[in-house]
Structures are given as C-alpha cells and as structure tokens.
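Please have the sequence and the model open side by side. This is a short guided walk through the fold.

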Amino acid sequence: MYDAALPLPSPSGAPLLAARLTLRPYLPSDASAFYQLIQDNRFRLRPAFPAREASVQTPADAGQVLAQFRQDWAAGRLYVLGIWHTATGHYLGDISLKPNWTAPVTLEIGYYLAAAAEGHGYAREALAAVVEFGFGPLRAARLLIRCRATNPRSCAVAEAVGFQPLAPRPRPWPLRALASSDILYYYLKREQ
C-alpha cells in the first residue's frame, strides 16, 4: 500500500522560460486568447480534452475555467501553464500537471497546441520545461503522459524528451469492456 503524500505548498507562479517559450499560470486577462484557441481548435481538441472543450463554450466560460485553474494551483490539485511564444507574445496552447499525491508522487502531464503552432518543436520545448518543474519544485518521483495511438505527433514529443513507453497491463475482466485500447502510456522517472 502506498503512503499518502500531502500536497506541497503552492509553487511559485513564476514563469518557466525555455529557448523560445514562456510558460506561466493563466491570468484573468488571458481569457480571450484561451477561448479563441479552443474555439478555433474545438474539433481537434475534443477527442483528447473533452472536458476542457465542453467547459469552454463562451468567453465567459473561459474566464471561469481560468479562475478554477488558479484555485486548483493554490490547492495543489492541478498545475496549468499557458504556453506563449516569448518573442511574439502569441498564445500557443497549454500544458498541465495533475498530481496524485500518493507516494511515490506521480504527475500526469497533458498538453495541446493550436494547429498553427504544431510542427515547430514547441510541444517538445514546453514538455522539457515542465519536466524540470515536475521533478524540481513539485518533487515528483515519476511523470506520466497518456497519448492516443492515433496521435503519433504527441507520442513522438514524449519520446523526444526521454519518456519511455509503459507496457500495457491487462485490466480486470469487468473493466475490459471499458478499456480504451487506443491509449498509450509513457513515463519518466526522476534520476536517482
């Protein structure tokens, strides 16, 4: 049985800087850009981020979701960072870390970019920055990414940053009917 780990004090909201990107918690003033990216990419995001897509139907919804992100950050439930191109200030997407707070602490990472931002290495750069954040201030023992097998770009991003495929585990027979066979898991352990 694993021991429960208490959430750490809320980490600083200081931006994470990568070569071309700035990753930071959302501000209320980001609601319009957040809404527009989801609106413009709604059908692309729906399969992998159905709750996010469904919860942001209007600009007002976007503001409420960003307010919830701030509350989740303070409570240690979810750490969501918007991704901006540093030189241009363009909003590109976001990346989040969801802790389990059960020892050994595992953070599940999710990320998406606007269609126009794909293919430039931004997801790989953002993921490398949050790996440092996850193993550093959040003190995770392991990072986990779920990718759809039908999204080879997302799988390639995980592998490029050093994540290893996790072997599929058989599910108990009552859960097999609910299992989604198109999900691949990748993990990265903290170096000892």
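The walk goes from the core to one helix, then to a strand residue, the loops and the largest pocket.

This is a predicted model: local features need pLDDT of at least 70, side-chain atom pairs count only at pLDDT 80 or more, and totals for chains, interfaces and linings use all residues. Residues are numbered from 1 along each chain as its sequence is written, and side-chain values use heavy atoms, with hydrogens and water left out.

Start inside. The largest nonpolar core holds 38 residues. A nonpolar core is a set of buried Ala, Val, Leu, Ile, Met, Phe, Trp, Tyr and Cys residues joined through side-chain atoms within 4.5 Å. Buried means under 20% relative accessible area, exposed over 50%, and partly exposed in between (1.4 Å probe, protein chains only). Leu23, Ile95, Ile109, Tyr111, Leu127 and Phe163 touch the most other members. The elements that give two or more residues to this core are β2 (21–24), β3 (79–85), β4 (91–99), β5 (106–113), α5 (122–135), β6 (142–148), α6 (152–160) and β8 (183–189). Helices (H or I, at least four residues) and strands (E, at least two) are DSSP runs, numbered from the N terminus. With nine residues, α5 gives the most to this core. Apart from it lies another core, of 18 residues, including Ile38, Val65, Leu66 and Tyr112. In soluble globular proteins, nonpolar side chains tend to be buried together.

Now look at α5 itself. Eleven of its 14 residues are buried, so this helix is mostly covered. Among the buried ones are Tyr122, Glu125, Leu127, Val130 and Phe135. Its length agrees with expectation: at 1.5 Å a residue the helix should span 20 Å, and its end C-alpha atoms are 20 Å apart. The expected span is 1.5 Å times one less than the number of residues.

Which residues does Ile109 touch? Leaving aside residues up to four places away in sequence, its contacts (heavy atoms within 4.5 Å) include Ile95, Ser96, Leu127, Val130, Leu143, Ile145 and Phe163. Ser96 sits in strand β4. Ser96 is buried, at a relative accessible area of 11%. With the same sequence neighbours left out, Ser96 touches Leu78, Tyr79, Val80, Glu108, Ile109 and Gly110. Its C-alpha atom is 6.0 Å from that of Leu81, 15 residues apart along the chain.

Next, the loops. Between β4 and β5 lies Trp101. Trp101 has a positive phi of about 55° although it is not a glycine. Trp101 is buried, with a relative accessible area of 11%. Pro104 is also in the loop between β4 and β5. The peptide bond from Ala103 to Pro104 is cis, with omega near -5°. Arg139 lies in the loop between α5 and β6. Phi of Arg139 is near 55°, again positive in a residue other than glycine. Is Arg139 buried or exposed? Arg139 counts as exposed, at 56% relative accessibility.

Last comes the largest pocket, with a volume of about 1,200 Å³. Of the 41 residues that line this pocket, Ala48, Phe49, Gly110, Tyr111 and Tyr112 are the closest to its centre. On a 1 Å grid over the protein atoms alone, a pocket is an open set of points where a 1.4 Å probe fits, with protein on both sides within 12 Å along at least five of seven lines; lining residues have an atom within 4 Å of a point. The largest share of the lining, six residues, comes from β5.

How values were computed: Grid points are joined across faces, edges and corners, and a volume is the space filled by probe spheres set on the points.
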